[in-house]
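Got your viewer open? Let's take a walk through this structure, one selection after another.

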Amino acid sequence: MAYYSMYYMVLALLFKTGIKCENHSGAMMLLEHLYGLDNCRIVAAKRDRIDKQYYVDFAITAEEVRDSIEEAEAFCADLYDFMERLHQGDISRLREEAVRLLDGPDE
C-alpha cells in the first residue's frame, strides 16, 4: 500500500499538468524525464510491492513496514511540495515537452 500511495501521488502530478498515464513504469519514466525528479524511491517501492504481492518466500518485519510507510510519506510530501510550486507557465511548458517526448526524436 505504501507503493500505491506514491504511485497515486505521481498520477496527481500528471493530472495536474494535463497528462493521463495508465502505465506504472511509464508514469515513473515521466517523473524522471519530464519533471526531472528522481524516481529511485518509487522504483524501489514498486519492486518491493511486486515481490511481496506475488511471491511468498519472504518475511517482513514491523520495522520494514514502518520504513516503507515513512519512505512513502517523504516521497509524497516532496512531490506535493513540487506540485504546489508549479505555475501555469510551468504546466504549459511541461505539456509541450510531454508532446515532444511522445512524438519521439526529430526526423
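Below is a series of stops, each with something to select and a note on what is there.

**Stop 1: the whole chain**

Before you click on anything, keep in mind that this is a predicted model. Show the protein chain as a cartoon and you'll find five helices and zero strands, so the pattern along the sequence reads α-α-α-α-α. How big a box do the C-alpha atoms fill? Along the principal axes, that box is roughly 50 × 30 × 20 Å. Now switch on the surface: the chain exposes about 7,300 Å², with carbon and sulfur atoms supplying 53% of that area. Of the 107 residues, 31% are buried. Among contacts between residues at least 6 apart in sequence, 60% join residues at least 24 apart.

**Stop 2: the core**

Hide the surface and select Val-10, Leu-13, Leu-14, Tyr-35, Ile-42 and Phe-75. In the largest nonpolar core, which has 28 residues, these touch the most other members. Next, color the helices that give two or more residues to this core: α1 (2-16), α2 (24-33), α3 (40-54), α4 (62-84) and α5 (88-103). Which element gives the most? That's α1, with eight residues.

Zoom in on Leu-13. Setting aside neighbours within four places in sequence, Leu-13 is in contact with Leu-31, Tyr-35, Leu-37, Leu-79, Phe-82, Met-83 and Leu-86.

**Stop 3: Thr-17**

Now pick Thr-17, in the loop between α1 and α2. Is Thr-17 buried or exposed? Its relative accessible area is 0%, so Thr-17 counts as buried. Show what surrounds this residue: beyond neighbours within four places in sequence, Thr-17 is in contact with Tyr-35, Leu-86, Ile-91, Leu-94 and Arg-95. You can also draw a distance from the Thr-17 side chain to the backbone oxygen of Leu-14, which comes to 3.0 Å. For a longer ruler, go from the C-alpha of Thr-17 to that of Ala-72: the two are 55 residues apart along the chain and separated by 22 Å.

**Stop 4: a patch on the surface**

Bring the surface back and select Phe-58, Ile-60, Val-65 and Ile-69. Together they form a nonpolar patch with about 310 Å² of accessible area. Phe-58 sits in the loop between α3 and α4 and is partly exposed, at 36% relative accessible area.

**Stop 5: the salt bridges**

There are five salt bridges in the whole structure. Start with Asp-78 and Arg-41, whose closest N and O atoms are 2.8 Å apart. Asp-78 belongs to helix α4 and Arg-41 to helix α3, so this pair ties together parts that are 37 residues apart in sequence. Both ends are partly exposed: Asp-78 has a relative accessible area of 44%, and Arg-41 has 27% relative accessibility. Add Glu-71 to your selection and you have a network of salt bridges linking Arg-41, Glu-71 and Asp-78.

Move on to Arg-85 and Asp-81, another salt bridge, with the closest N and O atoms 3.2 Å apart. Asp-81 is partly exposed, at 40% relative accessible area.

Finish in helix α5, where the side chains of Arg-100 and Glu-97 meet in a salt bridge of 3.0 Å, N to O. These two are three residues apart, so about one helical turn separates them. Arg-100 is partly exposed at 47% relative accessibility, and Glu-97 is partly exposed too, with a relative accessible area of 25%.

Terms used
Residues are numbered from 1 along each chain as its sequence is written. This is a predicted model: local features need pLDDT of at least 70, side-chain atom pairs count only at pLDDT 80 or more; totals for chains, interfaces and linings use all residues. Side-chain values use heavy atoms; hydrogens and water are left out. A nonpolar core is a set of buried Ala, Val, Leu, Ile, Met, Phe, Trp, Tyr and Cys residues joined through side-chain atoms within 4.5 Å. Buried means under 20% relative accessible area, exposed over 50%, partly exposed in between (1.4 Å probe, protein chains only). Helices (H or I, at least four residues) and strands (E, at least two) are DSSP runs, numbered from the N terminus. Contact means heavy atoms within 4.5 Å. A polar contact is a pair of N or O atoms within 3.5 Å; within protein, one must be able to donate a hydrogen and the other to accept it, and residues adjacent in sequence count only if both atoms are side-chain atoms. Patches are made of residues with over 30% relative accessible area and no salt bridge: like charges are joined within 9 Å, nonpolar side chains (Val, Leu, Ile, Met, Phe, Trp, Tyr) within 5 Å. Accessible areas come from the Shrake-Rupley method with a 1.4 Å probe; for residues, only the protein chains shown count as cover. A salt bridge is a side-chain nitrogen of Lys or Arg within 4 Å of a carboxyl oxygen of Asp or Glu.
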